[in-house]
Amino acid sequence: MFSKKVQSNINQIMVEEEAIEQDEKVFCQQADTAPLMIWMTGCNALYYYLNANWLDFTGTYLTIGASIAARGEEIGNIWAGSVHPEDRQRCEDIYLRAFTAHDSFQRQYRLRRADGEYRWILDTAAPRFAADGSFVGYIGYCVDITEVRSPLRESCFASTNYSCCLHEITEQKQAALAKALEQLQAETAKRQAVEAQLRQKTSEFAAILQVLPDLYFRLDADGSILDYKPGKMNHSYIPIGDCQGKSLRECLPIAVGDRFQQAITQVLETQYEVSFEYTLALPSGKNNFEARLLPLPDQQIIALVRHTSDKVQTAFIESDAKFRSIVENANNIIFALTLEGIFSYVSPNWTEIFGHEVAEVEGKSFILFVHPDDVHICTDYFQRILTTSEKQDAIEYRVKHKNGSWRWHTSNSSVIKDANGNVLNFVGICYDTTDRKLAEVALAERARLAHFRADVDAALTQSDSLQNMMRRCTDALVEHLDAAFARIWTLNKKDNVLELQVSSGMYTHINGPHKSVPVGQFKIGLIAEEGKPHLTNSVQTDSPRG
């Protein structure tokens, strides 16, 4: 049996890291209830937090479920995109000068409100320091001073009254900021205590590894070796100086490397331990090993390997039982195909995932179950495997459920050969990625609409003429909404005629037969006469009055 102390230590490390994340959430919840627009940056000068009031004021939102790196980049882009372009560089210069000296600072700039209007903001910021005195970034709060600034600029911008008024506003908000800072300091102290406990557990874990008889790997999601310790194993089959940074597939026979990668995939998906047995031919002869893979945070995995050749028969029996259990209970589908593409085996969970009984699938061509547009992806993939006999990157394709719906799946496959090296069949594992694909499509759509809105906002606020503004709006429709062409007519009330002003896309001229359209004629004239929006997916055949 593997050391229970290892598992216990890993569990404690994961629990304490979850506690750190929970403390972070608590502070964010408190900051979101503060009656101020609050932002924070880290010791790297990058923005990493905007509270709910800031996001509500600007009408922006953050992507749910984004990684820490992606969230930081998204917040930086939101801040830069919300500040008036003419003020942006000056704001950054003020911030970076203060950042160098860790000084407090104030700055005034225009910030775009949710309704598109730019409002003058007084932004006050102070440096943050940890309990040990180390600099950890800035916290700042923003106040809308548009109503105060405008009359003062007209009457006495250069006078001390302006500064006094701003000073009064600052003092009114100081109490709220002080409360936010006090909460931040309390959460920081709590977090430092948890981090100290985490460092202690990490040290204990390192000490355990020094005496552990098992060979130890720390791996990433691709199977690359991040750390390696041979333990007390007498049959260490990977030289310690040769493995760092390499993939397990580079250090092990293909079949063993593939088995490790399958286990890695299963651990990452289920977040549960996976064990399996395998045999390696070493100079001392064939040796049997047992591998146990455990999940870590950040898509990393611990693999512990133990030599079990002294219990060959027992290991064989246990391995067979565990393999059957994995196949029959795994969330993934395991399948085998003949060289002609006929299913010779599918795991029992096919019925639960796709609705067909196993007997309805085995003996049938895979083409009957794959979306017609994706069949060539699968055939090309199997041809590459057959030609190269090498592991290929995973493919994505759609599989038909018995109820007629299509489910996205990702699959990895390899070949099985006989003793003479002849390919016998294909084996593979596939798992459902429909939710991820739908999320990717939704995210892309949100990004596309955000770009469209940004371009239209810019056209409405930055154009030097009405003609240019309309042109930029139609260009945005074509570019971001995949329109074939977009046009804007204006109404000449005197003559009751629509006059074409701009046209973008496949038709850019405005001197054609539709340059002037009497109200009530042609489709655009009928729509204008009706005076209601008209939405259609069949421009050529529908009737605006229908």
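Reader: How many of the nine residues of strand β8 are buried?
Author: This is a predicted model, in which local features need pLDDT of at least 70 and side-chain atom pairs pLDDT 80 or more, while totals for chains, interfaces and linings use all residues. Residues are numbered from 1 along each chain as its sequence is written, and side-chain values use heavy atoms, without hydrogens and water. Strand β8 (a DSSP run of E, at least two residues, just as a helix is a run of H or I, at least four, both numbered from the N terminus) covers residues 274-282 and is largely enclosed by the rest of the structure. That follows because, of its nine residues, the number that are buried (under 20% relative accessible area with a 1.4 Å probe on protein chains only; over 50% is exposed, in between partly exposed) is seven.

Reader: Which residue of β9 is the bridge partner of L280?
Author: Strand β8 is followed through a hairpin of two residues by β9, and β9 itself spans residues 285-296. The two strands run antiparallel and are joined by nine bridges, where at least two DSSP bridges are needed for a pair. Within this pairing, L280 has as its partner in β9 the residue N287.

Reader: Which element gives the largest share of the largest nonpolar core?
Author: The largest nonpolar core (buried Ala, Val, Leu, Ile, Met, Phe, Trp, Tyr and Cys residues joined through side-chain atoms within 4.5 Å) has 26 residues, and W39, W54, F105, Y109 and Y138 have the most contacts inside it. Among the elements that give it two or more residues are β1 (37-41), α3 (68-82), α4 (85-101) and β5 (135-144). The largest share, five residues, comes from α4.

Reader: How many residues are in the other core, which lies apart from it?
Author: Separate from the largest core there is another one, whose members include L215, F217, L282 and L293. The number of residues in this other core is 24.

Reader: What is the angle between the planes of Y95 and F105?
Author: Y95 lies in helix α4 and F105 in strand β3, so their pair ties together parts that are ten residues apart in sequence. Y95 is buried, with a relative accessible area of 3%, and F105 is buried as well, at 8%. Both belong to a cluster linked by ring pairs that also includes W39, Y47 and W79. Their rings pair (centres of Phe, Tyr or six-membered Trp rings within 6.5 Å; planes under 30 degrees apart are stacked, over 60 edge-to-face, the rest tilted) as a tilted pair, 5.9 Å centre to centre, with an angle between the planes of 50°.
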